[in-house]
Amino acid sequence: GAIVEGVRCISANQGIAVIDSPQACIQNSVARECSNMGIFASGDGAIVSGCVADACDVGIRLMDASSMVAAGNTCRTCTYGIQLQEAIATTVSANACELSGRDGIWVSDSDESQIIGNAITSSSQATDNTYAGIFVRLASSRNNIQHNMIRMGSEAAAPKYGIWIESNCDRNLVTNNDLYQAGKTAGFKNDGTNTITTAGNRT
């Protein structure tokens, strides 16, 4: 697969992208002030690691493939930090998402994925008490969401929830997350079916 390393992309529409490229790797790169995607990857096994997305619409998006990885990245002041869309068996781990306009990590129509060990602070900067640290939506099911630390932070705007599972999502495992002071309304909002929360989350 393609390897993209050490790229700096400033003030573009689309930033750094590998499209339909299996086993592609984007690493140690920076996207800043991109009006659409900062970093975009699609293709089975694509990896985004060690990157920074700053002030982009979407910091990092993994889409329409399986076994992708986003690990050790930092997203700051993006509308959305990290997005998973139509992703299967994808891993999002050890990322930092700070001061997102909407959701820190946004998961849509994605199954069997792991969202583990991420640090998310001060989401929902665009509209107070509206968005979440991690938002799981649109029939995203059987995902494993553990060991994330989410804080609403000290900004005037704060997220509504630390983790929010929407109603048409089934059999997600959401446990061992640190949701102390994670959301203005609640640390955890579970509208899903068959969500497993034992042995529990700190709220």
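1. One open sheet in this predicted model contains 7 strands, which follow the order S2-S5-S8-S11-S14-S17-S20 with parallel pairing. Strands here are DSSP runs of E with at least two residues, numbered from the N terminus, and two of them count as paired if DSSP finds at least two bridges between them. The edge strands are S2 (8-10) and S20 (149-151), each of which pairs on one side only. From one strand to the next the twist averages 5 degrees, where the angles are taken between N-to-C directions of lines fitted to C-alpha atoms and run from 0 to 180 degrees.

2. Within this sheet, strand S11 (residues 74-76) pairs with strand S14 (residues 96-98) in the parallel sense over 3 bridges, and Cys75 has Cys97 in S14 as its bridge partner. As general background, the strands of a sheet pair through backbone hydrogen bonds, either parallel or antiparallel.

3. Another open sheet is formed by 8 strands in the order S3-S6-S9-S12-S15-S18-S21-S23, and here too the pairing is parallel. S3 and strand S23 (186-190) stand at its edges with a single partner strand each, so one side of each is left without a neighbour in the sheet. The twist in this sheet averages 10 degrees from one strand to the next. Counted over the protein, there are 23 strands and 0 helices.

4. Strand S18 deserves a closer reading, since its pairing on both sides can be followed. S15 and S18 pair in the parallel sense over 4 bridges, with Arg137 in S18 as the bridge partner of Ser108. S18 and S21 also pair in the parallel sense over 4 bridges, and there Ile134 stands opposite Ile163 in S21. S18 is mostly covered, with 5 of its 6 residues buried, where buried means under 20% relative accessible area, exposed means over 50%, and partly exposed lies in between (1.4 Å probe, protein chains only).

5. Which residues touch the most other members of the largest nonpolar core? They are Ile105 and Ile134, in a core of 41 residues; such a core is a set of buried Ala, Val, Leu, Ile, Met, Phe, Trp, Tyr and Cys residues joined through side-chain atoms within 4.5 Å. The elements that give two or more residues to this core include strand S9 (58-66), strand S12 (80-88) and strand S18 (132-137). Apart from this core lies another, of 9 residues, among them Phe40, Trp106, Tyr161 and Trp164. The contacts of Ile134, where contact means heavy atoms within 4.5 Å, include Ile105, Ile115, Ile150, Ile163 and Trp164, not counting residues up to four places away in sequence.

6. Is Gln85, which is found in strand S12, buried or exposed? Its relative accessibility is 17%, and therefore Gln85 counts as buried. Leaving out residues up to four places away in sequence, Gln85 touches Arg61, Leu62, Met63, Asp64, Trp106, Ser108 and Ser110.

7. Pro22 lies in the loop between S3 and strand S4 (25-27), and with a relative accessible area of 46% Pro22 is partly exposed. Although Pro22 and Gly1 are 21 residues apart along the chain, their C-alpha atoms are separated by 5.8 Å. Beyond its neighbours within four places in sequence, Pro22 is in contact with Gly1, Gly43 and Asp44.

8. For the protein as a whole, the radius of gyration, taken over C-alpha atoms, is 15 Å, which agrees with the value near 17 Å that a compact globule of 203 residues would have; the globule rule is 2.2 Å times the number of residues to the power 0.38. The C-alpha atoms fill a box of roughly 40 × 35 × 20 Å along the principal axes, and 51% of the 203 residues count as buried. Among contacts between residues at least 6 apart in sequence, 44% join residues at least 24 apart.

9. A reader should keep the conventions in mind. Residues are numbered from 1 along each chain as its sequence is written, and side-chain values use heavy atoms, with hydrogens and water left out. Because the model is predicted, local features need pLDDT of at least 70 and side-chain atom pairs count only at pLDDT 80 or more, whereas totals for chains, interfaces and linings use all residues.
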